Amino acid sequence: MTKSSQLTLVVVLLGLFALFYQGLWGDPRHIPTVLIGTDAPMVEGPDVETGQMISLNQFKGKVILLNFWASWCYECKVEHESVLQLHKLFKDDPNFVMLGINYQDKLPDAQQYLKEYGTTFAHMRDLKGQLAIDYGVYGVPETFVIDQQGKIRYKYVGPVTGHMYTKITQEIIAPLLQGQPNSTPS
Amino acid sequence: MFIPIRLAFLFLFVLATSWPVFAEVQDETLLDVQVREIAKTLRCTVCQTENIWESGAPLAQQMRGVVRDRLKLGHSPEDIKEYFLSRYGDYIMMQPPAHGVNWLLWAGPFILLLGGGLLLYKEVIGWVRRTPTPSTAPPPPLDEQARQRLERELES
């Protein structure tokens, strides 16, 4: 075998090995999002607690944090305190709105969850799963940050705790509220 | 006595095996067929090896509902696939669309097969060239000592 053939074989095998390694150790549940920088769907649905219709349209021009959750979701319980803390941090800013979206849940279970764990912001019901599909959701919790122009700036799949809490509050929301909309697309 | 018993068994056998004939057959509407055909092309994002037609996950069920609703609204199958692509990206398609880096997925196996085949061909040709061709000349005659030894061994 010539040296060039040997080199080609080694390169091809290394490439295949790298792909195999990626497949073995990468997170198969992670689906890269295509929504960053696109217009946020202006969804609407009934409030979990009051039943009154809420539309995302009514918050246009504000920084919106959407948090998809469900009462049966363990990780939603894990992040609940952090989510409440996040709302407490920004709720006094008139340009900030936070909205929960209750996903694949029964209304009494969702209401019981909010009663038990407490809440300080509104939650919309996703009646047929359409809202979740509009946002490309495939599991809960998922969190989206929408900028003043109505574009999705950030998406995170998993509980917003620890360094993710710091990242979302300090690197995503705070710059957007300070008028730096192009700061952290991810 | 035996004949009525045999007849009774025969009757029971015929009754049991022909029962499915009386089962109700539900016709699939054109809409059902379209939903099925589109759903089979979309990947369930929960059970990622299954399409949304086969998956039992609630999200897959809701996705089938979205497909049905959009068909009822007059959207074409291409529009519906485009909608799911815009929400979930190429990942949602059971067959990745052939564009950009996805071409590697489609062409990769053929490129590897062709490259491997060429490499193998080159190697085999090299081996053939390097192997000395057997001589066609008659072998040299045996000397007397070797001939006697051969005869001894054949006799023993």
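How are H2(B) and H3(B) oriented to each other? I opened the notebook with this question and looked up the two helices in the model, which is a predicted one.

**Entry 1: H2 and H3 of chain B**

I located helix H2 of chain B at residues 30-39. I then followed its axis and that of H3(B), which come within 10 Å and cross at roughly 130 degrees. Angles of 65 to 115 degrees count as roughly perpendicular and those over 145 as roughly antiparallel. H2(B) and H3(B) are therefore oblique to each other. I noted the crossing of H2(B) past H3(B) as right-handed.

Next I listed the residues that meet. H2(B) brings Leu31(B), Gln34(B), Val35(B), Ile38(B) and Ala39(B). On the other side, H3(B) brings Arg64(B), Val67(B), Arg68(B) and Leu71(B). By class, I recorded six nonpolar, one polar and two charged residues in this contact.

**Entry 2: Chain B as a whole**

I turned to the make-up of chain B and found six helices and zero strands. Its pattern along the sequence reads α-α-α-α-α-α.

I looked up the domains as well. The assignment for chain B gives domain 1 as 28-95 and domain 2 as 98-126. The C-alpha centres of these two domains of chain B lie 33 Å apart.

How does the radius of gyration of chain B stand against that of a compact globule of 156 residues? I found 36 Å for chain B, whereas such a globule would have a value near 15 Å. Along the principal axes, the C-alpha atoms of chain B fill a box of roughly 100 × 80 × 25 Å.

**Entry 3: Where chain B touches chain A**

I then examined the contact of the two chains, which takes 17 residues from chain B and 16 residues from chain A. On the side of chain B, the elements that give two or more residues are helix H3 (58-72), helix H4 (77-88) and helix H5 (102-130). H3(B) gives the most, with six residues. I divided the residues of this side of chain B into eight nonpolar, six polar and three charged.

**Entry 4: Chain A as a whole**

For chain A, I recorded five helices and seven strands. From the N terminus on, its elements run α-β-β-β-α-β-α-β-α-β-β-α.

The domain assignment of chain A gives domain 1 at 1-30 and domain 2 at 35-177. I noted 41 Å between the centres of these domains of chain A, taken over C-alpha atoms.

The radius of gyration of chain A is 20 Å, where a compact globule of 186 residues would have one near 16 Å. I found that the C-alpha atoms of chain A fill a box of roughly 75 × 40 × 30 Å, taken along the principal axes.

**Entry 5: H2 and H5 of chain A**

I closed with a helix pair in chain A: helix H2 at residues 74-90 and helix H5 at residues 162-177. Their axes come within 11 Å and cross at roughly 25 degrees. Because angles under 35 degrees count as roughly parallel, I entered H2(A) and H5(A) as roughly parallel to each other. The crossing of H2(A) past H5(A) is right-handed.

Which residues make this contact of H2(A) and H5(A)? I found Ser82(A), Leu86(A), Leu89(A) and Phe90(A) on H2(A), and Tyr165(A), Thr169(A) and Ile173(A) on H5(A). I counted five nonpolar, two polar and no charged residues in the contact of H2(A) with H5(A).

Conventions. Residues numbered from 1 in each chain as written. Chains lettered and ligands numbered in written order. Predicted model: local features only at pLDDT ≥ 70, side-chain atom pairs only at ≥ 80, totals over all residues. Domains from an automatic or database assignment. Contact = placed C-beta atoms within 7 Å. Helix = DSSP H or I, 4+ residues; strand = E, 2+ residues; numbered from the N terminus. Nonpolar A, V, L, I, M, F, W, Y, C, P; charged D, E, K, R; others polar. Axes fitted to C-alpha atoms, helices over the stretch in contact; angles between N-to-C directions. Left-handed = near helix turned anticlockwise from the far one by under 90°. Rg over C-alpha atoms; globule rule 2.2 N^0.38 Å.
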